[in-house]
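Thanks for coming, everyone. Please bring up the model on your screens, and I will walk you through it.

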Amino acid sequence: MSWQQYVDTSLVGTGNVDKAAIFNSEGTSVWASSPGFTVAPAEIKAVVASFADKEDVKKVQGQGFHIATEKFITIKSDERSLYGKKGKEGIVVVKTQQAILVAHYPESVQPGSAATTVEQLGDYLISVGY
């Protein structure tokens, strides 16, 4: 399956995510994305930095983060996942060994459903070496 198929089928195709992108683990290359879903280099760089931050209270937890020019309040941040909310919509970011999955869900989707969708794809990619 191509990276674009993962975005189109495994993420957006579930109905739990309305737009998504997949980057390399350093955030320097976009492997696939939904049309019109543009994550700026500075935005993905901040996401990558949040995964490297080993402090008890991470910088991203106090400041939030931006994806596609929108600011999200951090609701979860650990070595693998970063979740953010803006009103009733949100972002789920999952890091695998070689990729970073960035997915946006609309206010009509429950946050847990979106998180499960993205985390399951992350688990699968890790299981096949990505």
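**Strands, cores and a pocket**

Let's start in the sheet, with Ala-20, which stands opposite Ala-103 in strand 7. One caution before going on: this is a predicted model.

Ala-20 belongs to strand 1, residues 19-24. Strand 1 and strand 7 run antiparallel and pair over six bridges. Further along that pairing, Asn-24 faces Ala-99 of strand 7.

Strand 1 has another partner. That is strand 2, residues 30-33, again antiparallel, here over three bridges. In this pairing Ala-21 sits opposite Ser-33 of strand 2. The hairpin of these two strands has five residues between them, and Gly-27 there takes a positive phi near 75°.

Now to strand 7 and its other neighbour. Strand 6 and strand 7 are antiparallel and joined by six bridges. Val-94 stands opposite Leu-101 in strand 7. The hairpin from strand 6 to strand 7 passes through three residues.

How covered are these strands? In strand 1, five of the six residues are buried. In strand 7, seven of seven are buried. Keep in mind that side chains in a regular strand alternate between the two faces of the sheet. Which residues of strand 7 lie on each side? On one side you have Ala-99, Leu-101, Ala-103 and Tyr-105. On the other you have Ile-100, Val-102 and His-104. Both faces are covered, and every one of those residues is buried.

Next, the loop between strand 6 and strand 7. Thr-96 has its place there. Is Thr-96 buried or exposed? Its relative accessible area is 4%, and buried means under 20%, so Thr-96 counts as buried. What does Thr-96 touch, beyond its neighbours within four places in sequence? The contacts are Gly-122, Leu-125, Ile-126 and Tyr-130.

On to the cores. As a general point, nonpolar side chains in soluble globular proteins tend to be buried together. Here the largest nonpolar core has 21 residues. Ile-22, Val-92, Leu-101 and Val-118 have the most contacts inside it. Which elements each supply at least two residues of this core? They are helix 1 (3-11), strand 1, strand 6 (89-95), strand 7 (99-105) and helix 4 (111-127). Helix 4 gives the largest share, five residues.

Take Ile-22 as an example. Again I leave aside neighbours within four places in sequence. At the start of the chain, Ile-22 is in contact with Trp-3, Tyr-6 and Val-7. Ser-29, Val-30, Trp-31 and Ala-32 are also contacts of Ile-22. So are Ala-99, Ile-100 and Leu-101.

There is another core, apart from the largest one. This core has 16 residues, including Val-47, Phe-65, Ile-67 and Ile-91.

Phe-65 takes us to the largest pocket, since Phe-65 is one of the residues lining it. The pocket's volume is about 220 Å³. Which elements give two or more residues to its lining? Helix 2 (41-52), helix 3 (59-63) and strand 3 (65-67) do. Helix 2 provides the largest share, four residues.

Here is the full lining. Glu-43, Ala-46, Ala-49, Ser-50 and Asp-53 are in it. So are Lys-59, Val-60, Gln-63, Gly-64, Phe-65 and His-66. By type, the lining divides into four nonpolar, four polar and three charged residues.

Last stop: the loop between strand 3 and strand 4 (70-77), where Ala-68 lies. Ala-68 has a positive phi, near 50°, and is not a glycine. Thr-69 is in this loop too, between strand 3 and strand 4. Phi of Thr-69 is also positive, near 70°, again in a residue other than glycine. Is Thr-69 buried or exposed? The relative accessible area of Thr-69 is 70%, and the cut-off for exposed is over 50%, so Thr-69 counts as exposed.

To recap, look at the two loop threonines side by side. Thr-96 is buried at 4%, whereas Thr-69 is exposed at 70%. That's the tour.

Terms used: Residues are numbered from 1 along each chain as its sequence is written. This is a predicted model: local features need pLDDT of at least 70, side-chain atom pairs count only at pLDDT 80 or more; totals for chains, interfaces and linings use all residues. Side-chain values use heavy atoms; hydrogens and water are left out. On a 1 Å grid over the protein atoms alone, a cavity is a set of points where a 1.4 Å probe fits but cannot get out, and a pocket is an open set with protein on both sides within 12 Å along at least five of seven lines; lining residues have an atom within 4 Å of a point. Grid points are joined across faces, edges and corners, and a volume is the space filled by probe spheres set on the points. Ala, Val, Leu, Ile, Met, Phe, Trp, Tyr, Cys and Pro count as nonpolar, Asp, Glu, Lys and Arg as charged, and the others, Gly among them, as polar. Two strands pair if DSSP finds at least two bridges between them. A nonpolar core is a set of buried Ala, Val, Leu, Ile, Met, Phe, Trp, Tyr and Cys residues joined through side-chain atoms within 4.5 Å. Buried means under 20% relative accessible area, exposed over 50%, partly exposed in between (1.4 Å probe, protein chains only). Contact means heavy atoms within 4.5 Å.
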